[in-house]
Amino acid sequence: MERMHGTTIVAVRRDGVTAIAGDGQVTLGQTIMKTSAVKVRRLEQGDGILVGFAGAVADALTLLEKFEGALSGAKGNLPRAAIETAKLWRTDRVLRSLEAMLVLADRDHLLLLSGNGEVLNPDEPVIAVGSGGPYALAAAKALLRYSSLSAPQIAEQAIRIAGEIDLYTSGQATSVLSVGGGS
């Protein structure tokens, strides 16, 4: 059975603005099945919480639903909701088999929530996941260090650069959302 690849997500924080971008390519084997999948969202609850997901769509949406429940219980506190979701993900037999990752962001935090029960807060204000994640991460780190681009510009350019290297990344951001600053 051919493996499905989909979506590169990158999140960057600079100068009080956090941006998250995702490309929309979904590939089955060597065939591009879709180029416009939107896997970046702004949540209604909390104070400007952005989320991007990579992996199996149904799994990611299930995880996102659990996260939103935890966010409600944590009164919008992003780190606490992420930890509660990770605990649930680790201990629930059904949830443990989900194949997805969430990138969670607000004005002050960038977090990666993985199926291993990890909640990762990176040393630098940049996270990337998905098929082109390593390339987008490298590009975003370089742009963050050596350019004056804004957070949304860095996120969009990192997707573009990842697409030049990774076969499963289109190089076109289908969505770039930001929070903080004047957004």
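Two strands are taken to pair if DSSP finds at least two bridges between them. In this predicted model, strand S4 (residues 26–28) and strand S5 (residues 31–34) clear that bar with three bridges, running in the antiparallel sense. Together S4 and S5 make a hairpin with two residues between the strands. Gly-29 takes a positive phi here, near 65 degrees. As for who faces whom across the hairpin, Thr-27 stands opposite Ile-32 of S5.

Stepping back to the whole chain, the protein has twelve strands, along with four helices. Its radius of gyration is 15 Å, close to the 16 Å that the globule rule gives for 183 residues, so the protein is as compact as a globular protein of that length. Measured out along the principal axes, the box that the C-alpha atoms fill is roughly 45 × 40 × 25 Å.

What about the inside? Of the 183 residues, 46% are buried. Contacts also reach well along the sequence: take the ones between residues at least 6 apart, and 61% of them join residues at least 24 apart.

On the outside, the accessible surface adds up to about 9000 Å², and carbon and sulfur atoms account for 49% of that. Turning to charge, there are 18 positive side chains and 19 negative ones. The centres of these two sets lie 3 Å apart.

Conventions
Residues numbered from 1 in each chain as written. Predicted model: local features only at pLDDT ≥ 70, side-chain atom pairs only at ≥ 80, totals over all residues. Heavy atoms only, no water. Rg over C-alpha atoms; globule rule 2.2 N^0.38 Å. Buried < 20%, exposed > 50% of the residue type's maximum accessible area, 1.4 Å probe, protein only. Contact = heavy atoms within 4.5 Å. Areas by Shrake-Rupley, 256 points an atom, 1.4 Å probe, with all protein chains shown as cover. Lys, Arg positive; Asp, Glu negative; His and termini not counted. Charge placed at Lys NZ, Arg CZ, Asp CG, Glu CD.
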